[in-house]
Amino acid sequence: GLAPPEMTRKASPPPAIISPYKPNLFGVLFRNIFKVRFEYGTTITYRKHWFVLLRQTWQPGLLFLVMTAVLAIRLASLPQVEAAAAGPDFLVTLCLIGMGVGSLWWLYQYIDWSNDIFQVTDEQILDIDRTPFGAEEKRAAPLDNILSTEYKRIGFLQVILNYGNVYITVGGTQLIFEDVLNPPGVQQDIDQRRIARVERKRQADARFERERVADWFASYHKSSQDFESNIKDDTGGVG
């Protein structure tokens with residue numbers, strides 16, 4: 001007899017690939033600690049270039065490193081028995097104080113750099129400067145009011161490190177995004193948001209005009225029907 005047809009085996013789906021990587025708490029909290037451009041939702045935020053951070057923090061960083069080196073040399077040169085007998089060493093104490101001062105100074109400068117930000121949203125641009133002690137200065141301008149944008153990279157370092165200023169002319173004033181990385185890219189972000197804003201406004205105006213015309217035609221049609229109805233009523237009454 002004929003052999004029964006072979007049952008078709010369904011191909012089993014490939015096993016799902018599960019990434020073993022899971023970001024730890026440190027990674028979640030500090031992933032943007034040194035980033036100079038990041039996006040949340042529709043808001044693009046820029047910080048000043050990392051070279052500006054280096055320029056603000058090299059002195060406290062140098063103080064910390066020097067104090068650390070002196071401390072290491074001092075501890076290596078002191079016999080443990082002598083150090084225990086003599087009690088706290090003045091130079092060691094001075095180095096520890098210097099390291100603390102350097103750390104706090106560096107942290108202050110970092111927070112000052114981190115809080116000096118520029119933002120582009122769907123509706124406006126913002127220049128926000130907050131001091132570590134909470135004072136805040138904010139300048140904002142609607143995208144609709146932007147007349148022109150341009151950027152400049154001045155000097156050898158700015159060209160090599162690709163940072164500079166973006167100048168945004170708004171009415172009779174000018175906002176400056178200072179020392180931002182890749183100023184042509186920042187200018188492009190602003191122009192794209194401005195063009196998109198203008199297009200959305202144009203579409204909204206066109207939609208409003210269509211609705212207005214449709215309402216006018218509806219009102220005209222209703223008025224015509226009412227008028228014809230009144231004419232028929234009057235004619236019927238006369239007859």
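Good morning. Leaving aside its neighbours within four places in sequence, Leu71 is in contact with Val92, Cys95, Leu96 and Met99. The model shown here is predicted, and I shall begin with this residue.

Leu71 has its place in helix α2. Is Leu71 buried or exposed? Its relative accessibility is 11%, and residues under 20% are classed as buried, so Leu71 counts as buried. A further residue to mark is Leu91, which lies 20 residues from Leu71 along the chain. The C-alpha atoms of Leu71 and Leu91 are separated by 7.6 Å.

Let us stay with helix α2, which covers residues 50–77, and turn to Trp58, also found there. Trp58 has a relative accessibility of 47% and therefore counts as partly exposed. Which residues form a nonpolar patch on the surface with Trp58? They are Trp50, Leu54, Leu62 and Val66. Together, the patch including Trp58 has about 510 Å² of accessible area.

I now move to the sheet. Three strands, in the order β6-β7-β8, make up an open sheet with antiparallel pairing. At its edges are β6, residues 146–152, and β8, residues 173–181, each of which pairs on one side only. From one strand to the next, the twist averages 20°.

How many bridges join β7 and β8? Strand β7, residues 163–170, pairs with β8 over seven bridges, in the antiparallel sense. To locate this pairing on the screen, please find Val170, whose bridge partner in β8 is Thr173.

To close, I return to the two residues of helix α2: Leu71 counts as buried, whereas Trp58 counts as partly exposed and belongs to the nonpolar surface patch. Thank you.

Technical notes
Residues are numbered from 1 along each chain as its sequence is written. This is a predicted model: local features need pLDDT of at least 70, side-chain atom pairs count only at pLDDT 80 or more; totals for chains, interfaces and linings use all residues. Side-chain values use heavy atoms; hydrogens and water are left out. Patches are made of residues with over 30% relative accessible area and no salt bridge: like charges are joined within 9 Å, nonpolar side chains (Val, Leu, Ile, Met, Phe, Trp, Tyr) within 5 Å. Accessible areas come from the Shrake-Rupley method with a 1.4 Å probe; for residues, only the protein chains shown count as cover. A salt bridge is a side-chain nitrogen of Lys or Arg within 4 Å of a carboxyl oxygen of Asp or Glu. Helices (H or I, at least four residues) and strands (E, at least two) are DSSP runs, numbered from the N terminus. Buried means under 20% relative accessible area, exposed over 50%, partly exposed in between (1.4 Å probe, protein chains only). Two strands pair if DSSP finds at least two bridges between them. Axes are lines fitted to C-alpha atoms, for helices over the stretch in contact, and angles run from 0 to 180 degrees between N-to-C directions. Contact means heavy atoms within 4.5 Å.
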